[in-house]
Amino acid sequence: MIHRICNLPTSQSFFLFGPRQTGKSTLVDHTFGQGAWKIDLLMTDVFLRYAKHPDLFRREALEKIEKEGTRWIIVDEVQRIPELLNEVHYLIEKTACLFALTGSSARKLRRGGVNLLAGRAVQRRLFPFVYEEITDSFSLADILQFGTLPGVYGRSPEDKVDILKAYTETYLTEEIQAEALVRNIGGFSRFLELAASQFGELVSYTSIGRECQVPTRTVQSYYDILEDTLIGLRLQAWSKSPRKRLVAHPKFYLFDQGVANSLNRQLTAPPDPVRTGRLFEQWIVLETYRMLNYLRSEAGLYFWRTNHGAEVDLIIEKYGKPVAAFEIKSTSHISGNHLSGLRAFREDYPDVPLHVIAQVEHPFRLDDVLVLPWKTYVQSLSTYLTDATAT
């Protein structure tokens, strides 16, 4: 088993959220499985039994706790029966038992009127593999093509294509609809293809709605669904004014390169410099976001853009101020032409360290910009995300 760096609580109940096939069940079973009582709500008979009689879960759990000394109860895909959390809440209050509750979305729990246990269970997130977890077998070219979903990683190229196609054809359409998250599956499917093709670009809800033939508000709700199910990340534009950040056009990134390529029907496409550049940017942004969550950092991630089109791909913010700016380039030859966005940013923020992340062999400085090999950057993420003075 590949060691996961997600730090699960061992003395407190918790939710573990993450997209399907990121390894939630495997991680929880490996950590707490011995002696635990496990409920898998993906199993039809189990789901139907507790969906009809949620109180049955409480009565069975009390028997396990009182008669067998069960200390941990694991409930997989708890969002399928939100009412079970009322029973969990009672059991946390009345017993010493701890709960590991996994799910692919908190959205259905919130919409079901559940309070997520009012702080009685902390929350963690699990993502596809990060670099630190697969360093010994890491191949950048392979990652940019097929991503790092645990169910995909390490398999043959043919198997990867088959698994990713099934993932996008079933989970990202049928299962999201089955969870009653969307009603217009045709409109959602058109939206999903368009959102996938435009990853890393500025999001215009109006133009996407026009192309998908759905209202602008519906497009916004679709993006909410992708975020709530951890299928995507909206990166907001940095501004000194929090109000302006909310009204500016965000960028959107799908949660995995392989999933993005599958939705775009590019899994077996020949290498293309433009597409590679976009996937490389996506991977750097996602790697940063995943580590931010694993480190439970208070940092924020943004991009920066002027009205004249000058742009910086990634801004790390801490305590209301930008502390590092990064341009992301997949090339191995960095010149002054690649620094225009950072130079524009420097005019507004002269004290913020500037960087380029690229496929170079060794770090070097170009003017006052530090050019970093991508490997150096990802290995230093804990420093950038937890130390506001990192340069």
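Where does glutamine 213 lie? I looked this up first, keeping in mind that the model is predicted, and I found glutamine 213 in the loop between α9 (205–212) and α10. Its phi is near 65°, which I noted as a positive value in a residue other than glycine. Most residues other than glycine have a negative phi. For accessibility I read 65% for glutamine 213, and since exposed begins over 50%, I entered this residue as exposed.

**The helices on either side of that loop**

I then turned to α9 and α10 themselves, whose axes come within 8 Å and cross at roughly 105°. That angle falls in the range of 65 to 115 degrees, so I recorded α9 as roughly perpendicular to α10. On the α9 side I listed Tyr205, Thr206, Ile208 and Gly209, which meet Thr216, Val219, Gln220 and Tyr223 in α10. Sorted by class, the residues of this contact divide into 4 nonpolar, 4 polar and no charged.

**The loop after α10**

Following the chain onward, I looked at the loop between α10 (216–228) and β6 (232–237), where threonine 229 has its place. What does the side chain of threonine 229 reach at 2.7 Å? I found the backbone oxygen of isoleucine 225 at that distance, and I also noted the backbone oxygen of leucine 226, which lies 3.4 Å from a polar atom of the threonine 229 side chain. Threonine 229 has a relative accessible area of 2%, and because buried means under 20%, I entered threonine 229 as buried.

Leucine 230 lies in the loop between α10 and β6, and I noted for leucine 230 a phi near 60°, again a positive value in a residue other than glycine. Is leucine 230 buried or exposed? With a relative accessible area of 9%, leucine 230 is buried, whereas I had entered glutamine 213 as exposed.

**A second helix pair**

Two packed helices are described by the angle between their axes and the distance between the axes. With that in mind I examined helix α3 (residues 54–68) and helix α4 (residues 84–94), whose axes come within 8 Å and cross at roughly 30°. Because angles under 35 degrees count as roughly parallel, I recorded α3 and α4 as roughly parallel to each other, and I noted their crossing as right-handed. In α3 the residues Pro54, Asp55, Phe57, Arg58, Ala61, Leu62 and Ile65 meet Leu84, Glu87, Val88, Tyr90 and Leu91 in α4. By class I counted 9 nonpolar, no polar and 3 charged residues in the contact of α3 with α4.

Methods: Residues numbered from 1 in each chain as written. Predicted model: local features only at pLDDT ≥ 70, side-chain atom pairs only at ≥ 80, totals over all residues. Heavy atoms only, no water. Helix = DSSP H or I, 4+ residues; strand = E, 2+ residues; numbered from the N terminus. Buried < 20%, exposed > 50% of the residue type's maximum accessible area, 1.4 Å probe, protein only. Polar contact = N/O pair within 3.5 Å; in protein donor to acceptor, adjacent residues only side chain to side chain. Axes fitted to C-alpha atoms, helices over the stretch in contact; angles between N-to-C directions. Parallel < 35°, antiparallel > 145°, perpendicular 65-115°, else oblique. Left-handed = near helix turned anticlockwise from the far one by under 90°. Contact = heavy atoms within 4.5 Å. Nonpolar A, V, L, I, M, F, W, Y, C, P; charged D, E, K, R; others polar.
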